[in-house]
Amino acid sequence: MDIEKIKDYCLSLPHATTDIQWENDLLFRVGGKIFAGVGLDGASSGHLSFKCSPEEFSELIEREGIVPAPYTARYHWVMIERFDGLRSGEVRRLIRDSYEMVFAKLPNKVKATLKGSE
């Protein structure tokens, strides 16, 4: 999976937005909260980060090329060091799971606003 496919998939999720933060990170958000990020250049170029369940976090970091995400590992975020580190279908599922976990934690008022804009 490459950056364009990741971007297209993330933006296909309901109410997903994107922006660049910290100079070189392409972030994907729902309700203003990040659910995935891609490094555009520098040391994080080609890295994909996302949130996962505690169980999946433990399983994923055992795989080669997947590490606890810097600064956010305590919240069960992982970083894939290469876009080809996982199969495309698995990447999509993991991004979708991250999106759903982040959406579920949004305040009810934000969820209502998002659902009202459909």
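This is a short talk about how the helices and strands of one protein model fit together.

Hi everyone. Before we look around, please keep in mind that this model is predicted.

Let's begin with the sheet. Six strands make up an open sheet, and their order is 1-2-3-4-6-5, with antiparallel pairing. If sheets are new to you, strands of a sheet pair through backbone hydrogen bonds, either parallel or antiparallel. So which strands stand at the edges here? They are strand 1 and strand 5, residues 66-68, and each has a single partner strand, so one side of each is left without a neighbour in the sheet. Neighbouring strands of this sheet are turned against each other by 25° on average, if we ignore direction.

Now zoom in on one pair. Strand 2 and strand 3 are joined in the antiparallel sense over six bridges. To find one of their bridges in the viewer, start at Asp25 and look for its partner in strand 3, which is Gly39.

Next, what packs on this sheet? Helix 1 does, touching strand 1, strand 2, strand 3 and strand 4, and its direction makes about 20° with that of strand 2. Helix 3 packs on the sheet as well, where it touches strand 2, strand 3 and strand 4. The direction of helix 3 makes about 45° with that of strand 4.

Let's stay with helix 1, which runs over residues 3-12. Which of its residues are buried? They are Ile6, Tyr9 and Cys10. These residues cover an arc of only 95° around the axis, which puts them on the same side of helix 1. Turn the helix around, and the face directed away from that buried side carries the exposed residues Asp8 and Ser12. As for the cover over the buried residues, it includes strands 1, 2, 3 and 4 together with helix 3, residues 88-105. There is also a nice detail at the N-terminal end of helix 1: Asp2 caps it, with a side-chain oxygen 3.1 Å from the backbone nitrogen of Glu4.

Now for the inside. The largest nonpolar core has 29 residues, and those touching the most other members are Ile6, Phe28, Val30, Phe35, Leu48, Phe50 and Ile95. You have met Ile6 already, as one of the buried residues of helix 1. At least two core residues come from each of helix 1, strand 2, strand 3, strand 4, helix 2, strand 6 and helix 3. Which element gives the most to this core? That is helix 3, with six residues.

Take Leu48 as an example. Beyond its neighbours within four places in sequence, Leu48 has contacts that include Ile6, Val78, Phe83 and Ile95. Ser49, in turn, sits in strand 4. Is Ser49 buried or exposed? With a relative accessible area of 16%, Ser49 is buried. Setting aside neighbours within four places in sequence, its contacts include Phe35, Ala69 and Trp77.

Finally, two residues in loops. His15, in the loop between helix 1 and strand 1, has a phi near 65°, a positive value in a residue other than glycine. Tyr71, in the loop between strand 5 and strand 6, also has a positive phi, near 70°. How accessible are they? His15 is partly exposed at 23% relative accessible area, while Tyr71 counts as exposed at 75%.

Thanks for listening, and do have a look at the structure yourselves!

Definitions and conventions: Residues are numbered from 1 along each chain as its sequence is written. This is a predicted model: local features need pLDDT of at least 70, side-chain atom pairs count only at pLDDT 80 or more; totals for chains, interfaces and linings use all residues. Side-chain values use heavy atoms; hydrogens and water are left out. Buried means under 20% relative accessible area, exposed over 50%, partly exposed in between (1.4 Å probe, protein chains only). Helices (H or I, at least four residues) and strands (E, at least two) are DSSP runs, numbered from the N terminus. The arc is that of the directions from the helix axis to the C-beta atoms. Contact means heavy atoms within 4.5 Å. A polar contact is a pair of N or O atoms within 3.5 Å; within protein, one must be able to donate a hydrogen and the other to accept it, and residues adjacent in sequence count only if both atoms are side-chain atoms. Two strands pair if DSSP finds at least two bridges between them. Axes are lines fitted to C-alpha atoms, for helices over the stretch in contact, and angles run from 0 to 180 degrees between N-to-C directions. A nonpolar core is a set of buried Ala, Val, Leu, Ile, Met, Phe, Trp, Tyr and Cys residues joined through side-chain atoms within 4.5 Å.
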